[in-house]
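Thank you all for coming. I would like to walk you through one structure this morning, and I will put it on the screen before I say anything about it.

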Amino acid sequence: MLQNEKKQSFIALGRFLSQFSETENTRNESVLGNDLFFDDFIKLIALSQSHNGWYTPEQVHFAIHSWAEALTEENIEKWLSAYSSEFEKADKTEKTVALILAGNIPLVGFHDFLSVLITGNKALIKTSSNDQHLLPFLAKYLIFVDENLKDKITFVEGKLENFDIVIATGSNNTARYFEYYFKDKPSIIRKNRNSVAILNGKETHEELEALGEDIFRYFGLGCRNVSKLFVPKDYSFDAFFQAIFKYQDVIHYEKYANNYDYNKAVFLMSNFKLLDNGFLTLKEDPSYASPISSVFYESYENIEDLQARLEADAEQIQCIVSNDLAQNSISFGQTQKPRLWDYADNVDTITFLLTTK
């Protein structure tokens, strides 16, 4: 397939996804394949929570909307234009790339899937048991748009066999297994990461409210969710709690509420000092990974020392949120809106795929 044909297939997918929202599904008669896919996709979204209790319609629609915004001709052209020379130099031999996907948030493995196909390779996909339906549906749509993709996409349930490259996402424990099992293959192995926010007390109400989006989107299950706050010594959390009050309805979701009750009880039985607003606990803790319904925090005295620490711990951190208090930090409310050129773990998947022999 020519690269332009592949780009057009994903642009068509973006147009298809743009028809769906939490408030209204608007059929656009100019979109390809609506007769076959529009109604079925609505049904799949409605069923997603029965497949995975964390995949509420709101969260699934957010993921769909994010990919609809990403898969425009302008964004795809901007993304791929940086690799013009690498595409020209790349080995034209088609490779089979095994994708072992996570399932913590809806369509979390879509970027890897996109990267494999856009670089002219085959995708051999093992989905997570927590997310087995959304990506196969979108793959069927892509194959409808361009039947040449039929031989480029394979989903497997059992053992992965006959592949050249591996991209695997999992926990720190599964990563050790992946590293051993795939030691003879070129690979990207992703481990646990968490995101942090640095506050200095000068944030506006709107910025702290946006920070709530970074914390609560997908119930905090993603590596791009903020799970740790760094605050100045003697920082008052009053403004923070006031700003995130708009997210209070999260406690009405049973799975989240069960985690809140359980983790709060564990903390209290251990005599940990907590700050609590009825739907989120704050605990002073040096770790980066906090449990669902809780955010850890630490105080800092010197921003330069904190920057040095974060640089040293870079392999544990996915995103840093702040008002330019750290290098490469991103704005409040933007962690779950990555662009096509924002790579997980800062590993350039396109370059890896184009240069791996």
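Let me begin with a detail: which residue in strand 9 does leucine 274 stand opposite? The residue facing leucine 274 is lysine 283, and I should say at once that what you see is a predicted model, which applies to everything that follows.

That pair belongs to strand 8, residues 274-276, and strand 9, residues 281-284, which run antiparallel and are joined by three bridges. Between these two strands of the hairpin there are four residues, and in this hairpin glycine 278 takes a positive phi near 100°. If you now follow strand 9 to its other partner, you come to strand 10, residues 294-300, which runs parallel to strand 9 and is joined to it by four bridges. In that pairing, leucine 282 is the residue that stands opposite valine 295 of strand 10. As a general point while we look at strands, the side chains in a regular strand alternate between the two faces of the sheet.

Let me step back to the whole chain, which has 13 helices and 11 strands. Its radius of gyration is 21 Å, close to the 21 Å that the globule rule gives for 357 residues, so the chain is as compact as a globular protein of that length. Taken along the principal axes, the C-alpha atoms fill a box of roughly 60 × 45 × 40 Å. Of the 357 residues, 50% are buried, and if you consider the contacts between residues at least 6 apart in sequence, 71% of them join residues that are at least 24 apart.

Next, the empty space inside. In general, rolling a probe the size of a water molecule over the atoms shows where empty space is left. How many cavities of 30 Å³ or more does a search of the whole structure find? The search finds two. The largest cavity holds about 60 Å³ of space, and its lining consists of Leu101, Ala102, Leu107, Val108, Gly109, Phe110, Thr127, Asp131 and Leu135. By class, that lining has six nonpolar residues, two polar and one charged.

The second largest cavity holds about 40 Å³, and there the lining has two nonpolar residues, six polar and one charged. Among the residues around this second largest cavity are Ser48, His51, Asn52, Tyr55, Asn130 and Asp131; Asp131 is also named in the lining of the largest cavity.

Tyrosine 55 deserves a closer look, and you will find it in the loop between helix 2, residues 34-51, and helix 3, residues 57-70. Is tyrosine 55 buried or exposed? With a relative accessibility of 3%, tyrosine 55 counts as buried, because the cut-off for buried is under 20%. Leaving aside neighbours within four places in sequence, the contacts of tyrosine 55 include Ser48 and Gln49, Val60, the run of Gly103, Asn104, Ile105 and Pro106, and also Asn130, Asp131 and Leu134.

A second buried residue is aspartate 112, which lies in helix 6, residues 110-118, and has a relative accessible area of 6%. Once its neighbours within four places in sequence are set aside, aspartate 112 is in contact with Leu99, Ile167, Thr169, Arg190 and Thr349.

For contrast, tyrosine 177 in helix 8, residues 172-181, is partly exposed, with a relative accessible area of 47%. The C-alpha atom of tyrosine 177 is separated by 28 Å from that of isoleucine 320, which is 143 residues away along the chain.

Isoleucine 320 brings me to my last topic, the second largest pocket, which has a volume of about 670 Å³. Its lining comprises 21 residues, of which Gln318, Ile320, Asn328, Ile330 and Asn346 are the closest to the centre of the pocket. Helix 12, residues 303-312, and strand 11, residues 317-321, are the elements that give two or more residues to this lining, and strand 11 gives the most, with four. By class, the lining of this pocket divides into eight nonpolar, seven polar and six charged residues.

That is where I will stop, and I am happy to go back to any part of the structure.

Terms used:
Residues numbered from 1 in each chain as written. Predicted model: local features only at pLDDT ≥ 70, side-chain atom pairs only at ≥ 80, totals over all residues. Heavy atoms only, no water. Buried < 20%, exposed > 50% of the residue type's maximum accessible area, 1.4 Å probe, protein only. Contact = heavy atoms within 4.5 Å. 1 Å grid on protein atoms, 1.4 Å probe; cavity = no way out; pocket = protein on both sides within 12 Å on 5 of 7 lines; lining within 4 Å. Points joined across faces, edges and corners; volume = space filled by probe spheres on them. Nonpolar A, V, L, I, M, F, W, Y, C, P; charged D, E, K, R; others polar. Pairing = 2+ DSSP bridges. Rg over C-alpha atoms; globule rule 2.2 N^0.38 Å.
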